[in-house]
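Trainee: Got a minute to go through this one with me? I'd like to practise reading it.

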Amino acid sequence: MANNNIVTNRELMNVKQTAEYLNVSVHTIYQWKSEGKIPYVKLNGKLCFDKSEINLFIEKCMNCAMQ
């Protein structure tokens, strides 16, 4: 039987957890979301952030800063 749950085995964080993880304000998370800078998904109307995608986001930001 196929698994229809596409978020299986994903560590999802809410806005506050993501802000704490990135050491930025909640406002910054919402701003980055609005600007399309940070990857997110909406589940049941709530913003969620996949920790592995956030880690890739961090790497991308670090690479840009080093250039």
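Trainee: How much accessible surface does the chain have, and what share belongs to carbon and sulfur atoms?

Mentor: This is a predicted model, where local features need pLDDT of at least 70, side-chain atom pairs count only at pLDDT 80 or more, and totals for chains, interfaces and linings use all residues. Residues are numbered from 1 along each chain as its sequence is written, and side-chain values use heavy atoms, with hydrogens and water left out. By Shrake-Rupley with a 1.4 Å probe, the accessible surface of the chain is about 5300 Å², and the carbon and sulfur share is 51%.

Trainee: Which element gives the largest share of the largest nonpolar core?

Mentor: A nonpolar core is a set of buried Ala, Val, Leu, Ile, Met, Phe, Trp, Tyr and Cys residues joined through side-chain atoms within 4.5 Å, and buried means under 20% relative accessible area (1.4 Å probe, protein chains only). Here the largest one has 10 residues, among them Met13, Ile29 and Phe57. Helices (H or I, at least four residues) and strands (E, at least two) are DSSP runs numbered from the N terminus; α1, β3 and α3 each give two or more residues to this core. The largest share, three residues, comes from α1.

Trainee: At what angle do the axes of α1 and α3 cross?

Mentor: Axes are lines fitted to C-alpha atoms, for helices over the stretch in contact (heavy atoms within 4.5 Å), with angles from 0 to 180 degrees between N-to-C directions. The axes of α1 and α3 come within 12 Å, and the crossing angle is roughly 35 degrees.

Notes: Buried means under 20% relative accessible area, exposed over 50%, partly exposed in between (1.4 Å probe, protein chains only).
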